[in-house]
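Please open the model in your viewer and keep the sequence panel visible. The stops below proceed by selection, each with a note on what is to be found there.

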Amino acid sequence: MLDDLAIGVGITLVSILISGLALWAAEAFFIRHHAWLREPPHGVRLVAVVMVTAGLVLVGLAVAVTIWAATFHALRLFPDWETALYFALVSYATLGYGDVVAPPGWRILGAMAGANGFLNFGLLTTLLIDGLGHVREGYREARRDRPVSAARRSGRRARPDAPPPATED
């Protein structure tokens, strides 16, 4: 039991280190390109940030799952690489189908892979939210700084079917 705890803690720390490096790299990108991320057209930048960030998240998760699978395979817990990779992915994603289980004496290691996955999904989700926040901030500023039309200033409706302008109390 202590063996699988020690191995699990070590792999979890390596996995968190990888996620931390991904967060650091993304934050450096966001800081370096802050002005570009805030410029219009925001829709294009939003899609670009989502695609790049989601790709970075997927790479980070794939690396972590591969490390867990390599450990399971090196310990000969499963008959082949595919089964080790499948078990690592199912455990890491906290799906727990139950069709493949770790052998007795190593089950805690599988549970630790699940706990590590749960933690890393949360950490890497913050990466995606942070990236979107940079673009959305620029969009909100652009809308706030947009000149008000003459129709809006006078309180007239721009179109006959348009709702009346909001009044301030």
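**Starting point: helix H1**

Select Val9 to begin; this residue is found in helix H1. Helices (H or I, at least four residues) and strands (E, at least two) are DSSP runs, numbered from the N terminus. The model is a predicted one, in which local features need pLDDT of at least 70 and side-chain atom pairs count only at pLDDT 80 or more, while totals for chains, interfaces and linings use all residues. Residues are numbered from 1 along each chain as its sequence is written, and side-chain values use heavy atoms, with hydrogens and water left out.

Val9 counts as partly exposed because its relative accessibility is 42%; buried means under 20% relative accessible area, exposed over 50%, and partly exposed in between (1.4 Å probe, protein chains only). Add Ala113 to the selection: the C-alpha atoms of Val9 and Ala113 are separated by 9.5 Å, although these positions lie 104 residues apart along the chain count.

**Thr12 and Ser15**

Move next to Thr12, also placed in helix H1. Is Thr12 buried or exposed? Thr12 counts as buried, since its relative accessibility is 15%. A polar atom of the Thr12 side chain lies 2.8 Å from the backbone oxygen of Gly8. Contact here means heavy atoms within 4.5 Å. Leaving aside neighbours within four places in sequence, Thr12 is in contact with Trp68, Met112 and Asn116.

Keep Asn116 displayed and select Ser15, which lies in helix H1. Ser15 counts as buried because its relative accessibility is 2%. Which residues does Ser15 contact, leaving aside its neighbours within four places in sequence? They are Ala64, Tyr92, Asn116 and Asn120. The side chains of Ser15 and Asn116 are joined by a polar contact of 3.2 Å. A polar contact is a pair of N or O atoms within 3.5 Å; within protein, one must be able to donate a hydrogen and the other to accept it, and residues adjacent in sequence count only if both atoms are side-chain atoms. Val65 may be added as well: its C-alpha atom is 8.8 Å from that of Ser15, and the two residues are 50 residues apart along the chain.

**The nonpolar core**

Now select Trp68, Phe72, Phe78, Ala88, Tyr92, Leu124 and Leu127, the residues with the most contacts inside the largest nonpolar core, which has 26 residues. Helix H1 (2-32), helix H3 (42-74), helix H4 (81-92) and H5 each supply at least two residues of this core. H3 gives the most to this core, with 8 residues. A nonpolar core is a set of buried Ala, Val, Leu, Ile, Met, Phe, Trp, Tyr and Cys residues joined through side-chain atoms within 4.5 Å.

Centre the view on Leu124: not counting residues up to four places away in sequence, Leu124 touches Ser19, Ala22, Val57 and Leu61. Then select Thr53 in helix H3. Thr53 is buried, as its relative accessible area is 5%. Beyond its neighbours within four places in sequence, Thr53 is in contact with Phe30, Leu127 and Leu128.

**Two loop residues**

Most residues other than glycine have a negative phi. Select Arg76, in the loop between H3 and H4; phi of Arg76 is near 55°, a positive value in a residue other than glycine. Arg76 counts as exposed because its relative accessibility is 73%. Thr94, in the loop between H4 and H5, has a positive phi near 55°. Thr94 counts as partly exposed, at 47% relative accessibility.

**A surface patch**

Select Met1, Leu2, Leu5 and Ile108, which form a nonpolar patch on the surface with about 400 Å² of accessible area together. Accessible areas come from the Shrake-Rupley method with a 1.4 Å probe, and for residues only the protein chains shown count as cover. Ile108 lies in helix H5 (residues 107-145) and is partly exposed, with a relative accessible area of 31%.

**The whole chain**

Finally, clear the selection and colour by element of secondary structure. The chain has 6 helices and 0 strands. Of its 169 residues, 30% count as buried. Residues 24 or more positions apart account for 69% of the contacts with a separation of 6 or more. The chain exposes about 10700 Å², of which carbon and sulfur atoms supply 67%.

How values were computed. Patch = residues over 30% accessible without salt bridge, like charges linked within 9 Å, V, L, I, M, F, W, Y side chains within 5 Å. Salt bridge = Lys/Arg side-chain N within 4 Å of Asp/Glu carboxyl O.
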